[in-house]
Structure formats: structure tokens, C-alpha cells
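Open the model in a viewer and set it to cartoon, with a surface representation ready to switch on. The stops below go from the whole chain to a single side chain.

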Amino acid sequence: MRRANPTTRTSTSRQSTGSRNTNQDHIYIEGSAVRKLQNTSARREYERPRNRTQSVRRTRIKAVPMNKGYIAVAAAAFVIVCSVLMFYVNLQSNITNHIATISKLESQLYEMKLANDETYTKIMSSIDLEEIKRIAVNELGMKYAKEGQVVEYTGEGNDYVRQYGALPE
């Protein structure tokens, strides 16, 4: 075996710029950072094209299943996924619209309650209970109940009581 000169060892390209030494079945390529042992036999040279043709055949065989049925199933799956996504987006849009509508209605309810409370306060502040008492006693003849005239009656939880006859004493 022979070694190449030192100048070819410093070459950084991948191509073999160094010298080649043949020793039966082995070739030493020098010129890159690391020496590589390559076996070159007549049998291996013939196997490489065979491997390439086998890989081409495998690729062709793998490409064959793309027939009309496969494409139809893939298209149907695509349509189903698209329709589900459109339904989902539509549902999200409806939910967002309902939330916006609910918030508007809640703000209207709050404003109406405030207006109702203000009106009730104005009405209650404008009523003079002493004037009502004076009119009831002096003009309408109302009298205060005396002791023994008040009868307490307990209901069964109803909101009102109907009196069909005289109350027992």
C-alpha cells in the first residue's frame, strides 16, 4: 500500500482529489479528513443497479393504490371534515351573537330597574301620609278600631281570603 502526499490530505471537498491505491479488492481514497475503506468487487457493481431498479419498482407499487375509489373516499372524508368545521364555526358565531344579545338585554333590564326605582322613590316621597289620614278621618268618617274589634285570622298559605259569611266572635 502506498500513501498519498500530504497536500492531498488537507483537501476538504467530498470528491476524491487524492491518489487511489488498489490492492486486490480494496481501494483507499485519500484526500478528505477521514480515510474510507471501499470494497469494489465485480459482484457489487452489478448489485447497485439492481437495488435501484428494485426501489423504483417499490415506488411504482406504492403509487398504484391511488385509484378512483381511494380518491372518492378521500374526497368524501374531506367534504365531511369541511362541513363539520363549517357547522362548528357557525355554532361559535351563533353563541357569540347570543352572548352579545344577552348582554344588551341585561343592560336594558338594569336601566329599566333604575328608572323604576327612581319613579317609585319619587312617588313615595310625594305622598303625604298625614294628609291621607286627615282626609280619611275628617272627610270620609273613618274611625280607629277599638279593642276587641280586631280579629286575627290565619290562612292556609293562600295569598287572599274570601269571606262568605260572618266571622265567629
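How much accessible surface does the protein have, and what percentage of it belongs to carbon and sulfur atoms? In this predicted model, the accessible surface is about 16,500 Å², and carbon and sulfur atoms hold 57% of that area.

Stay with the whole chain and colour by burial. The protein has 169 residues, and 6% of them count as buried.

Next, switch to the cartoon and colour by secondary structure. Four helices and three strands appear. Followed from the N terminus, the order of elements is α-β-β-β-α-α-α.

Now display contacts. Among those in the protein with a separation of 6 or more, 13% are between residues 24 or more positions apart.

Select Tyr 120, Ile 123, Met 124, Ile 127, Leu 129 and Ile 132, and turn the surface on. These residues make a nonpolar surface patch of about 620 Å². Helix H3 (68-126) and helix H4 (129-139) are the elements that give two or more residues to this patch. Which of the elements provides the largest share? H3 does, with three residues.

Finish on Ile 132. This residue is found in helix H4 and is one of the members of the nonpolar patch. Is Ile 132 buried, partly exposed or exposed? Its relative accessible area is 49%. Exposed requires over 50% and buried under 20%, so Ile 132 counts as partly exposed.

Key: Residues are numbered from 1 along each chain as its sequence is written. This is a predicted model: local features need pLDDT of at least 70, side-chain atom pairs count only at pLDDT 80 or more; totals for chains, interfaces and linings use all residues. Side-chain values use heavy atoms; hydrogens and water are left out. Buried means under 20% relative accessible area, exposed over 50%, partly exposed in between (1.4 Å probe, protein chains only). Contact means heavy atoms within 4.5 Å. Accessible areas come from the Shrake-Rupley method with a 1.4 Å probe; for residues, only the protein chains shown count as cover. Patches are made of residues with over 30% relative accessible area and no salt bridge: like charges are joined within 9 Å, nonpolar side chains (Val, Leu, Ile, Met, Phe, Trp, Tyr) within 5 Å. A salt bridge is a side-chain nitrogen of Lys or Arg within 4 Å of a carboxyl oxygen of Asp or Glu.
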